[in-house]
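Me: I should like to take a close look at a single part of a protein model, namely its charged side chains and their surroundings. Please guide me through it in one connected account.

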Amino acid sequence: MSQIKRILVAGGAGFLGSRICEQLVAQGHDVICVDNFFTSQKSNIVHLLSEPNFEVIRHDIIHPLWLEVDEIYNMACPAAPGHYQFNPIKTMKTSVMGSINLLGMAKRCRARYLFASTSEIYGDPEVHPQPETYRGSVNTLGIRACYDEGKRAAETLCMDYHRMNGVQVRIVRIFNTYGPRMHPYDGRVISNFIRQAFTGEPITIYGDGSQTRSFCYRDDLVDGILKLMASDQVGPINIGNPKEFSIRQLAELVVKLTGSKSEIIYTELPADDPKQRQPDITLAKKHLGWEPDTELEDGLKKTIDWFKSIELSQYRPPTPNF
């Protein structure tokens, strides 16, 4: 039988989704990119449009969609706080209703389904680093809850479809990721710092900069996602870089690598912002044979080179909150 699959990538024009599409097209699969282009960019996939095994459908997954597919990657949801807080009800709908629609398709087609969950489900963690067994510390009433709780509910839906209907689900919990094709106005810390460094604006640190994050380069992370989809592991499995850096260290490194004269300034920490974030990737190593191999400085150099190659004026902030 043919090994060529028909694969749906929801959110396929996004930062991570476009790289997944690129990899699957290169493997020879028929790839259907579905995206509503809220925070995604057509420029992320324009080089794929001439490929005979790639197509794009402009569609919002909160509405039903009927396709015949073998695999589904659900990467669709605004992931930066300024974007998912812009319309929190729509954010929740994307995670919950979008999952119901795509899981229903997976059930009907007997397709394997991968859900892009997030380290945000751990909230402001009281366990460090965070293993998959940790249930999290999330403020269900806070401004980040639309994203955190939406993803948690979607994980529940995955497991119920798996137990009740035998759907082959894969759950990946994605930690902070960076790399080429980040939206310059996505509000994430690395894109903020690089954009501010290039434009000469002050580099803005929220809080005192002692809070930590673990940054995984895009290509490493996508490799882990593809390995999870091909494995027999349901998950959830953490995919991220376990090396921890403070936000202040990151700002200083960006200034150094860009040669910027921008000053570093400090402002108030947003509500419910986690103070620590570091994945325990024991399961990924054991079951997928995966761990990242790109050092932060090397990944930042590639990301900065990409920012140099684009025209910032061609990008608009998707929301006023960036």
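With which residue does Lys 227 form a salt bridge, and how far apart are the closest N and O atoms?

Reply: The model is a predicted one. In it, Lys 227 forms a salt bridge with Asp 223, and the closest N and O atoms are 3.7 Å apart. Both residues belong to helix 6, where they stand four residues apart, about one turn of the helix. A general point about helices helps here. An α-helix has 3.6 residues a turn, so residues three or four places apart point the same way. Side chains of opposite charge can pair when their charged atoms come close. Lys 227 is partly exposed, with a relative accessible area of 32%, and Asp 223 is also partly exposed, at 33%.

Helix 6, which covers residues 218–230, takes part in another salt bridge through Asp 219. The partner of Asp 219 is Arg 19, with 3.3 Å between the closest N and O atoms. This pair links distant parts of the chain, since Arg 19 lies in helix 1, 200 residues apart from Asp 219. Asp 219 counts as partly exposed at 25% relative accessibility, whereas Arg 19 counts as buried at 16%. The two residues also belong to a network of salt bridges that links them with Glu 22, Arg 181 and Arg 218.

Helix 1 deserves attention in its own right. This helix runs over residues 15–26 and has 12 residues; from its first C-alpha to its last it reaches 17 Å, close to the 16 Å expected at 1.5 Å a residue. Helix 1 is mostly covered, with 10 of its 12 residues buried. Among the buried residues are Arg 19 and Glu 22, along with Phe 15, Leu 16 and Cys 21. Just after helix 1, Gly 28 takes a positive phi of about 95°.

A search of the whole structure finds 18 salt bridges. One of these joins the side chains of Glu 71 and Lys 5, at 2.9 Å from N to O. Here too the pair links distant parts of the chain: Glu 71 is in strand 4 (residues 71–74), while Lys 5 is in the segment before strand 1 (6–10), 66 residues apart. Glu 71 is buried, with a relative accessible area of 8%, but Lys 5 is partly exposed at 33%.

Aromatic rings also form contacts in this model, and the structure holds six aromatic pairs. In one of them, the ring centres of Tyr 84 and Tyr 147 are 4.5 Å apart and the planes meet at 5°, so the pair is stacked. Tyr 84 is in helix 2 (residues 81–84) and Tyr 147 is in helix 4 (residues 145–165), so this pair ties together parts that are 63 residues apart in sequence. Tyr 84 is buried at 0% relative accessibility, and Tyr 147 is buried at 5%.

The cysteines complete the account. The structure holds zero disulfides. Cys 77 is in none, for the nearest cysteine sulfur, that of Cys 146, is 8.1 Å away. The sulfur of Cys 216 is 19 Å from the closest cysteine sulfur, which belongs to Cys 21 of helix 1, and that is too far for a bond. Cys 216 is buried, with a relative accessible area of 0%.

Definitions and conventions:
Residues numbered from 1 in each chain as written. Predicted model: local features only at pLDDT ≥ 70, side-chain atom pairs only at ≥ 80, totals over all residues. Heavy atoms only, no water. Disulfide = S-S within 2.5 Å. Buried < 20%, exposed > 50% of the residue type's maximum accessible area, 1.4 Å probe, protein only. Phe/Tyr/Trp six-rings, centres within 6.5 Å; stacked < 30°, edge-to-face > 60°. Helix = DSSP H or I, 4+ residues; strand = E, 2+ residues; numbered from the N terminus. Expected span 1.5 Å × (residues − 1). Salt bridge = Lys/Arg side-chain N within 4 Å of Asp/Glu carboxyl O.
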